[in-house]
Amino acid sequence: CILQVPDDIVHKPIELLKDIFTNLSSKLPQEQIHQEFIGVCIHRMELIFKGLKQYKPGEIETESVQVQAAYKIEVNKLVRCLKLIIEYVVECDEEYMEERAIPPHGKAHWGKPLSLTIRYIPAHSHQPEEFEIWTHGNETIAALRRHIT
């Protein structure tokens with residue numbers, strides 16, 4: 001449905017699909033539904049990509065207006081599928097409130113590298129001790145606490 005609607009209303013079916021597949025009853029097999037949804041989106045993107053591979057890079061500008069229009073339509077379909085998957089994954093990440101072994105996709109990339117020097121005075125001594133932790137700008141405070149303990 002998101003592949004055929006006009007550009008000015010494409011956000012509505014994306015929101016609708018995202019709401020339908022992220023607001024599931026606890027009785028339903030949520031993980032299986034999430035995997036199938038993403039799998040269908042990826043399959044459609046693969047089909048679209050196969051169609052786009054017939055065009056040679058840099059040669060599309062020399063093609064007829066009809067070929068260029070068909071190419072743009074296929075690229076637009078691919079972008080819509082990507083947009084749907086991104087919004088779906090972000091919504092699922094925001095709803096997941098438990099402790100994670102792997103950070104959510106948006107926080108998984110490394111930020112600016114940082115070196116933190118931790119100084120403390122142990123209970124058994126009056127001399128301060130210190131150690132260094134290498135981290136990055138997108139690391140959470142909870143992850144830093146785990147490194148320190």
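Glycine G51 is located in helix α2, which spans residues 30–52; helices here are DSSP runs of H or I with at least four residues, strands are runs of E with at least two, and both are numbered from the N terminus. The model is a predicted one, in which local features need pLDDT of at least 70 and side-chain atom pairs count only at pLDDT 80 or more, while totals for chains, interfaces and linings use all residues. Residues are numbered from 1 along each chain as its sequence is written, and side-chain values use heavy atoms, with hydrogens and water left out.

Is G51 buried or exposed? G51 is partly exposed, at a relative accessible area of 27%; buried means under 20%, exposed over 50%, and partly exposed in between, with a 1.4 Å probe and protein chains only. Its C-alpha atom is separated by 8.9 Å from that of Y71, 20 residues apart along the chain.

I turn next to helix α3, residues 65–95, where V90 is placed. V90 is partly exposed, with a relative accessible area of 41%. Together with L82 and I86, V90 forms a nonpolar surface patch of about 260 Å² accessible area, by the Shrake-Rupley method with a 1.4 Å probe, where for residues only the protein chains shown count as cover.

Finally, the chain as a whole. The protein chain has five helices and two strands, in the order α-α-α-α-β-β-α along the sequence. Of its 149 residues, 21% are buried. About 11,500 Å² is exposed by the protein chain, and carbon and sulfur atoms supply 59% of that area.

Notes. Patches are made of residues with over 30% relative accessible area and no salt bridge: like charges are joined within 9 Å, nonpolar side chains (Val, Leu, Ile, Met, Phe, Trp, Tyr) within 5 Å. A salt bridge is a side-chain nitrogen of Lys or Arg within 4 Å of a carboxyl oxygen of Asp or Glu.
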